[in-house]
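Student: I would like to learn how to read a loop residue, a helix and a ligand site from a set of coordinates. Could we work through an example together?

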Amino acid sequence: MLCLPAVYYLSTMTKSDSTSSLTDAGQGVIFSIKKYSMHDGPGIRTTVFLKGCPLNCWWCHNPESKKLAPEPVKQGANRPFSGFAGSDGKVGRIMTVDEVIAEVKKDEIFYDESGGGVTFSGGEPLMQPDFLVALLHAAKRYDFHTAVDTSGFASAEVFECILPLTDLFLYDLKLMDDDAHRKYAGTPVAPVLDNLAWLARSGANVIVRIPIVPGITDTPENLDSIIRFLLERSVLRNVSILALNHLGDQKYIRLGMENKLGTLKVPSQERMAELQERFIRKGLHCTIGG
Ligand code: SF4
């Protein structure tokens, strides 16, 4: 993985026909580009969803994000799969940096008027590090506000590369206990905490996003542990709590994947308000959603 110089992306980048390398500094795999997003950072934004994620959260509502490669999806009659599902019947598309930025650029007038910009999400966008770095450089060439939505599960080296190019990190913090994180998210928690601590020491602009999954992430032990971690770091004062939703249920069926999300309950509005109050009482700025 290279921290590319700012001029790198200016060189001619052509889409490779090779399938042996799906992602590099010139191209990567995207599963959706969402316009006019209001929940992935400030203002009106375009959110670019990079495919591939090393985690396997039970509550994931974007199961098409998990595998890096484009994959077959069953199309419903008059009900196309959300995101990119090409005529080849696969979700996910290989795109060049220039192609992605051309899409993002179409809405720059909205960014100017609203203080918005571009958000790179996933999946786990840091799983395509060279592509992400090149996208961030390209976005900065147009002076777009940049946000990266991450699970935090990536190498420290990747975070070092993207920090100078990222105006805002939307950083997921799910479970503080290692056993629970392995069980419900599929990976150890240590890299997630180490990278967040490093971002805090580096003075990064971070909003910590906590998925609220009743009985799993909203236990008093987990929430107290999260609050302690944040309060020990003065720059980590902004929190968003995100209610589990079932928007992804149908996608699991159409991808032929096991759906653990379907077994989980959605928290009530009252419960979300109660949890918001819990964070606010501890001196944190906490919003519901976003
Ligand atoms: S980190 Fe996000 S994209 Fe990856 S499995 Fe978990 S919820 Fe899904």
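Student: Where in the chain is L175 found?

Tutor: In this predicted model, L175 is found in the loop that runs between β8 (168-172) and α5 (178-185).

Student: Is L175 buried or exposed, and why?

Tutor: The idea is to compare the relative accessible area with a cut-off, and a residue under 20% counts as buried. L175 has a relative accessible area of 3%, and therefore it is buried.

Student: Which residues does L175 touch, once those up to four places away in sequence are not counted?

Tutor: L175 touches W59, A180, H181, Y184, V189, I216, T217 and N222. One can also look at C-alpha separations: L175 and I210 are 35 residues apart along the chain, and their C-alpha atoms are separated by 8.8 Å.

Student: N222 appears among those contacts; in which helix does N222 lie, and what does N222 contact in turn, leaving aside neighbours within four places in sequence?

Tutor: N222 lies in helix α7, which covers residues 220-231, and N222 is in contact with K174, L175, M176 and T217. N222 counts as buried because its relative accessibility is 6%.

Student: How should I read the buried residues of a helix such as α7?

Tutor: An α-helix has 3.6 residues a turn, so residues three or four places apart point the same way. In α7 the buried residues are N222, L223, S225, I226, I227, F229 and L230, and these pack against α6 (190-201), β9 (206-212), β10 (238-243) and α9 (269-281).

Student: What span does α7 reach from its first C-alpha to its last?

Tutor: The twelve residues of α7 reach 16 Å, which is close to the 16 Å expected at 1.5 Å a residue.

Student: Turning to the ligand, where does it sit and which residues surround it?

Tutor: The ligand sits in the largest pocket, where C53, L55, C57, C60, S65, K66, G123, S151 and K174 surround it. By class, this shell has four nonpolar, three polar and two charged residues. K174, which belongs to the shell around the ligand, is also one of the residues in contact with N222.

Student: How many helices and strands does the protein chain have, and what share of its residues counts as buried?

Tutor: The protein chain has nine helices and eleven strands, and 50% of its 290 residues count as buried. As for contacts between residues at least 6 apart in sequence, 69% of them join residues at least 24 apart.

Note on methods: Residues are numbered from 1 along each chain as its sequence is written. This is a predicted model: local features need pLDDT of at least 70, side-chain atom pairs count only at pLDDT 80 or more; totals for chains, interfaces and linings use all residues. Side-chain values use heavy atoms; hydrogens and water are left out. A residue is near a molecule or strand if one of its heavy atoms lies within 4 Å of it. On a 1 Å grid over the protein atoms alone, a cavity is a set of points where a 1.4 Å probe fits but cannot get out, and a pocket is an open set with protein on both sides within 12 Å along at least five of seven lines; lining residues have an atom within 4 Å of a point. A molecule sits in a cavity or pocket if more than half of its atoms lie within 2 Å of its grid points. Ala, Val, Leu, Ile, Met, Phe, Trp, Tyr, Cys and Pro count as nonpolar, Asp, Glu, Lys and Arg as charged, and the others, Gly among them, as polar. Helices (H or I, at least four residues) and strands (E, at least two) are DSSP runs, numbered from the N terminus. Buried means under 20% relative accessible area, exposed over 50%, partly exposed in between (1.4 Å probe, protein chains only). Contact means heavy atoms within 4.5 Å. The expected span of a helix is 1.5 Å times one less than its number of residues.
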